[in-house]
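Here is a set of exercises to work through with the viewer open. Try each task yourself before you read its solution.

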Amino acid sequence: MAAVPLCPGLYCGIIKTGNNTEKCGVCPRGERADAEKICRKCENYPDLYSWLYLGFMAMLPLLLHWFFIERYSGKKSSSAVLQLITALLECIVAAVVTLLVSDPVGTLSIHSCKVDMLSDWYTMLYNPSPDYITTLHCTHEAVYPLYTIVFVYYAFCLAFMMLLRPLLVKKIACGLGKSDRFKSIYAALYFFPILTVLQAVGGGLLYYSFPYIILVLSLITLAVFMSTSEIQSFKDLLVKKKRLAVLIIHWLLHAYGIISITGLKNIERDLSLLLLVLVPALFYLFSAKYTEPSRILAEGASGH
């Protein structure tokens, strides 16, 4: 066997080409160069953090579906509830089908390459030029399948939505005008391309920052929701089931972000941190009466 010089670059590997020969180049899909620069098939399973990342990317279209359904459903609550449940089922089925068609096919698990650093997501930026003239193209999915599986999931989400939602909306959303009843579907036709571009361009950045994105955005949206809903006390919170449901969803998002950051490496300590999910809502309720604009204006007018 002819000796092959060590492959240059971070992501080029030695692959067999037949006739007992080898060459240095891009590893086939589902493989990655190891420490010896030999392309090895990825047969590991994703760690907890990678699963949480995939869960985050799977949640994004669901949360956007719910937001636009609630916004455009009008006052017909039964119509909104059925659409919310349908959106949930669409995303669940899309996730299951995505796992079933991924390697190993027919199971709800996936084989994955280990993510070592941010550059693993952007191999196209690390094609080496050994002689400073010719570029050796070794661009491939080093984080297989964490990058492409999100696109597959979004495609199934869109397909199931187009198959199920228009018929459902046409049947149950009779109280809305013809132009309004499909607005939540039209919104999805906008945000799915946006999510796809976001994953294509910023997948690596999202992988390392999504726990903090969840915490920050969930805190902001919780504060906006409670202020716009004029929630000043626990009684205001319990008046409508919708308010309590939104609060519970935000608590789950807080918990998801905390678990993603801690990784549950120390179970007792990390589970105790989950008590922090109650803090933002409690702080808002206890401080709302002191920050009520009308009260501040009245005190200012009285000279206090």
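The exercises below go from the overall fold to helix packing, a pocket and some backbone details.

Before you start, note that this is a predicted model, in which local features need pLDDT of at least 70, side-chain atom pairs count only at pLDDT 80 or more, and totals for chains, interfaces and linings use all residues. Residues are numbered from 1 along each chain as its sequence is written, and side-chain values use heavy atoms, with hydrogens and water left out.

**Exercise 1. The overall fold**

Task: Find how many helices and strands the protein has, and the pattern they follow along the sequence.

Solution:
- Step 1. Start with the terms: helices (H or I, at least four residues) and strands (E, at least two) are DSSP runs, numbered from the N terminus.
- Step 2. On that basis, the protein has nine helices and four strands.
- Step 3. Reading along the sequence gives β-β-β-β-α-α-α-α-α-α-α-α-α.
- Step 4. Now look at burial, where buried means under 20% relative accessible area, exposed over 50%, and partly exposed in between (1.4 Å probe, protein chains only). Of the 304 residues in the protein, 39% are buried.

**Exercise 2. Two helix pairs**

Task: Describe how H4 packs with H1 and how H4 packs with H6.

Solution:
- Step 1. Two packed helices are described by the angle between their axes and the distance between the axes. Axes are lines fitted to C-alpha atoms, for helices over the stretch in contact, and angles run from 0 to 180 degrees between N-to-C directions.
- Step 2. Take H1 (residues 48–72) and H4 (residues 183–228): their axes are 9 Å apart, and the packing angle is about 150°. H1 is therefore roughly antiparallel to H4. The cut-offs are under 35 degrees for roughly parallel, over 145 for roughly antiparallel, 65 to 115 for roughly perpendicular, and oblique for the rest.
- Step 3. H1 and H4 make a right-handed crossing. A crossing is left-handed if the near helix is turned anticlockwise from the far one by less than a right angle, and right-handed if clockwise.
- Step 4. Sort the residues of the H1 and H4 contact by class: 24 are nonpolar, six polar and one charged. Here Ala, Val, Leu, Ile, Met, Phe, Trp, Tyr, Cys and Pro count as nonpolar, Asp, Glu, Lys and Arg as charged, and the others, Gly among them, as polar.
- Step 5. Turn to H4 and H6, whose axes come within 8 Å and cross at roughly 160°. These two helices are therefore roughly antiparallel to each other, and their crossing is left-handed.

**Exercise 3. A pocket**

Task: Work out which residues lie nearest the centre of the second largest pocket, and which elements give two or more residues to its lining.

Solution:
- Step 1. On a 1 Å grid over the protein atoms alone, a cavity is a set of points where a 1.4 Å probe fits but cannot get out, and a pocket is an open set with protein on both sides within 12 Å along at least five of seven lines; lining residues have an atom within 4 Å of a point.
- Step 2. The second largest pocket has a volume of about 260 Å³. Grid points are joined across faces, edges and corners, and a volume is the space filled by probe spheres set on the points.
- Step 3. Its lining has 16 residues, and Arg32, Ala33, Asp34, Lys114 and Asp116 lie nearest the centre.
- Step 4. Strands E3 (31–33) and E4 (39–41) are the elements that give two or more residues to this lining.
- Step 5. By class, the lining has eight charged, six nonpolar and two polar residues.
- Step 6. Look again at Asp34, which lies in the loop between E3 and E4. Asp34 counts as partly exposed because its relative accessibility is 27%.

**Exercise 4. Backbone details**

Task: Locate two cis peptide bonds and two residues with a positive phi that are not glycine.

Solution:
- Step 1. Most residues other than glycine have a negative phi, and most peptide bonds are trans.
- Step 2. Asp103 and Pro104 are joined by a cis peptide bond with omega about -5°. Another cis bond runs from Tyr144 to Pro145, with omega near -5°. Pro104 is in the loop between H2 (77–101) and H3 (148–172), and Pro145 lies in the loop between H2 and H3.
- Step 3. Lys37, in the loop between E3 and E4, has a positive phi of about 65°. Lys37 counts as buried because its relative accessibility is 9%.
- Step 4. Leu264, in the loop between H6 (241–262) and H7 (267–273), has phi near 50°. With 26% relative accessibility, Leu264 counts as partly exposed.
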